[in-house]
Amino acid sequence: MNRPSRTSVAVAGCLAIAALLLAGCASDPEPTPSPNPSQSASSGPTPPPTSMPTPTVAAPDPADVTSWVISAAGFGPIARGAAFPDVATPLTAFELAPVDEACPSLFTLSRDDTASLLLMVPEGGDQVEDVWVSGSPDASGALPVAPRTAEGIGLGSTLEELTAAYPGLQQIAQLSAEGFGYAVGDDEAGWIDFIVVEGAVTSIGSTAEPRAPKEFCG
């Protein structure tokens, strides 16, 4: 039997190596990495964040005192420092009248179904200095309709509710055995005053200085 020559063996080996090399070249290419999701986003400019609209506060209804907010600046449409008597011109649902000839600096804005509002105007002056509202429950226990503060304090609110609403509340006077005056605010912005009788708010004022008068005329 004839044995293969060394040359034929070498040739066969070279062919085998070549076949392996060709097989390696024909293998699948390396997979291309997928793009990063963040890189696939639009390359355009990022729009600015949408700003939330500023809530608008409804203007007080001149005919509805429950829409008026008591603050150190006044009562709803009645601002301290407002021109008098012009301030009452839009308030057609109310009657403006002097309290008494003996009290030329005091005027009331009144209507049958609401608590009376008291405007203090310096004698001979033409601007509202202070604004007050007063009232107590009637025989049935119903309170007169009246404005309230932004914190919800109004005629009939309890002393506990008052002190909870205003941690900085100051007692400024004792008017009787069961009557006390309180105030919150400062000399720059003004003050909200409260008269509390037997544990319930009976009068609220908007003033330039803390006040708790026993009576407004006299």
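A residue is called buried here when its relative accessible area is under 20%, and by that standard buried residues make up 29% of the 218 residues in the protein chain. The model is a predicted one, and its protein chain has three helices and 12 strands. Among contacts between residues at least 6 apart in sequence, 44% join residues at least 24 apart.

A good place to begin is the sheet of eight strands, which is open and runs in the order 4-5-6-7-12-11-10-9, with antiparallel pairing. At its edges stand strand 4 and strand 9 (170-174), each with a single partner strand, so one side of each is left without a neighbour in the sheet. From one strand to the next, the twist in this sheet averages 25 degrees. Within the order just given, strand 7 and strand 12 pair in the antiparallel sense over four bridges, and Val131 has Ser206 of strand 12 as its bridge partner.

The chain also holds an open sheet of four strands, in the order 3-2-1-8, whose pairing is mixed. Here strand 3 and strand 8 (148-149) are the edge strands, and because each has a single partner strand, one side of each is left without a neighbour in the sheet. Strand 1 and strand 2 (residues 74-75) pair in the antiparallel sense over two bridges, with Phe75 in strand 2 as the bridge partner of Ile70.

From the sheets we can turn to the nonpolar side chains. The largest nonpolar core has 34 residues, of which Ile78, Val133, Leu162 and Phe194 touch the most other members. Two or more residues are given to this core by each of strand 5 (103-110), strand 6 (117-120), strand 7, strand 10 (179-186), strand 11 (190-197) and strand 12, and strand 11 gives the most, with three residues. Apart from this core lies another, of eight residues, among them Leu106, Trp132, Leu175 and Ile195. As for Ile78, when residues up to four places away in sequence are not counted, Ile78 touches Trp68, Ala73, Val87, Leu91, Leu109, Leu117, Leu119 and Val131.

Trp68, one of the residues that Ile78 touches, leads on to the aromatic rings. Counting rings whose centres lie within 6.5 Å, the model has four aromatic pairs. In one of them, the rings of Trp68 and Phe94 have their centres 5.7 Å apart and their planes at 45 degrees, so the pair is tilted. Trp68 lies in the loop between helix 2 (37-40) and strand 1 (69-71), while Phe94 lies in the loop between strand 3 (78-79) and strand 4 (95-100), so the pair ties together parts that are 26 residues apart in sequence. Both Trp68 and Phe94 are buried. The ring of Phe94 has a further neighbour, for the charged end of Arg111 sits over this ring, 4.8 Å from its centre.

A second pair is formed by Trp132 and Phe216, whose ring centres are 5.0 Å apart and whose planes stand at 65 degrees, so the pair is edge-to-face. Because Trp132 lies in strand 7 (residues 130-134) and Phe216 in the segment after strand 12 (200-207), the pair ties together parts that are 84 residues apart in sequence. Trp132, one of the residues of the eight-residue core, counts as buried at 0% relative accessibility, whereas Phe216, at 24% relative accessibility, counts as partly exposed.

Note on methods. Residues numbered from 1 in each chain as written. Predicted model: local features only at pLDDT ≥ 70, side-chain atom pairs only at ≥ 80, totals over all residues. Heavy atoms only, no water. Phe/Tyr/Trp six-rings, centres within 6.5 Å; stacked < 30°, edge-to-face > 60°. Buried < 20%, exposed > 50% of the residue type's maximum accessible area, 1.4 Å probe, protein only. Lys NZ or Arg CZ within 6 Å of the ring centre and 35° of its normal. Pairing = 2+ DSSP bridges. Axes fitted to C-alpha atoms, helices over the stretch in contact; angles between N-to-C directions. Core = buried A, V, L, I, M, F, W, Y, C linked by side-chain atoms within 4.5 Å. Contact = heavy atoms within 4.5 Å.
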